[in-house]
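Got your viewer open? Let's take a short walk through this model, one selection at a time.

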Amino acid sequence: MPAGTRDRLPDVPKTPRTLRTARVHPSSLTPSLASFPPPPTGSPMAQLIDGKAVAAAVRAEVAEGAAAFAEAHGRRPGLRVVLLGDNAASQSYVRAKARAADAAGIDAETLLRPADLAEADLLALIAELNADPAVDGILVQLPLPDYVDEAAVIRAIDPAKDVDGFHPENVGKLVLGEETLEPCTPAGIVEMLRRTDVETSGAHAVIVGRSNIVGKPMASLLLRRGLDCTVTVCHSRTRDLAQITRQADILVAAIGRAEFVTADMVKAGATVIDVGINRVEDATRERGYRLTGDVDFEAVSEVAGAITPVPGGVGPMTIAMLLANTLEAARRRQARSQPSG
Ligand code: GUN
């Protein structure tokens, strides 16, 4: 978790919702769930964990930090987002990332390249960004076209500028519990759990999905001292999946299948984090589809104690943590180039 994002946390406004919205608070105070207002008796509805509100708090802190950085060093933290091809969903994520970075006082640029860019040209672009002193963070939007060796591209990024936290050096540090740039989605989930008072110590966290982007780093983070979860990672080949997910105090759904987690898979009172963003055909919508998560939200919110919505849950946190990582990368690079004393 980047330094400087956990201290001085402002309260964020509560968003009116049908569901009760979890209170967001400075994580430095982190009381246990016992002090969290319990749901009124007889109410079946889960607390809504408002990712937009938590993300707004993180983004405000990053903006403050970025302004201080610019004042001290005469330049803004710099982020470059590289996108190959014209995948509509990727374009929309990349636009959202660049807009949010700009709003936080980060010098953000999106580098759009054709889907058939030669791998050697992509590697040359990364080398250029690695060498550019104005660039603190590099993000290559995934997935890449099939002909590109994704692992080689990730390895080519300077680990100090790897704001995704995907470089093997950074993954190794994460597993070892060393300070590093943490992958944005799992780091954002940790931040949401912290700021909405979800008790993690000794909790059984069950992660459904074993991707390098979410499942694996999520497990490493939740295992860390300070979070202290007991972690189980499940995937598409797991036997008796529902029997395992029903043991979860914290259930992270990151399997990439619309409404895969149903109410019978969830323990009463569990905290359910939905990482999925799936497009489901919906003729009643003007655009012809609706966005839904990996969790059957309506049914599961009758059982869970707390739940993240889609959209408005994990998604905004991923972007907020990208900004926090960019600021952190800028601070570390600056400190290395101007060591004090
Ligand atoms: N595609 C989906 N999520 C991510 C992410 O967190 N980082 C990158 N680079 N690509 C993604």
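## Stop one: where two helices meet

Select G51, V54 and V58 in α1, then add E191, M192 and R195 in α6: these are the residues through which the two helices meet. Before you move on, keep in mind that you're looking at a predicted model. Sorted by class, this contact of α1 with α6 has three nonpolar residues, one polar and two charged.

Now show the whole helices, residues 51-73 for α1 and residues 184-195 for α6. To describe two packed helices, people give the angle between their axes and the distance between the axes. Here the angle is about 100°, and the axes are 10 Å apart. Angles from 65 to 115 degrees count as roughly perpendicular, so α1 and α6 are roughly perpendicular to each other.

## Stop two: helix α7

Next, pick residues 215-223, which is helix α7. Which of its residues are buried? Colour G215, P217, M218, L221 and L222 to see them. Look down the axis: these residues cover an arc of only 165°, so they sit on the same side of α7.

What covers them? Switch on α5 (168-176) and α6, then the strands β5 (204-208), β6 (230-234) and β7 (250-253), which are all included in that cover.

## Last stop: zoom out

Show the full protein chain, with its ten helices and eleven strands. Of its 341 residues, 45% are buried. Finally, take the contacts in the chain with a separation of 6 or more: 70% of them are between residues 24 or more positions apart.

Terms used:
Residues are numbered from 1 along each chain as its sequence is written. This is a predicted model: local features need pLDDT of at least 70, side-chain atom pairs count only at pLDDT 80 or more; totals for chains, interfaces and linings use all residues. Axes are lines fitted to C-alpha atoms, for helices over the stretch in contact, and angles run from 0 to 180 degrees between N-to-C directions. Helices (H or I, at least four residues) and strands (E, at least two) are DSSP runs, numbered from the N terminus. Angles under 35 degrees count as roughly parallel, over 145 as roughly antiparallel, 65 to 115 as roughly perpendicular and the rest as oblique. Two residues are in contact if their C-beta atoms, placed from the backbone, lie within 7 Å. Ala, Val, Leu, Ile, Met, Phe, Trp, Tyr, Cys and Pro count as nonpolar, Asp, Glu, Lys and Arg as charged, and the others, Gly among them, as polar. A residue is buried if 20 or more other C-beta atoms lie within 10 Å of its own, exposed if 12 or fewer, and partly exposed in between; C-beta atoms are placed from the backbone. The arc is that of the directions from the helix axis to the C-beta atoms.
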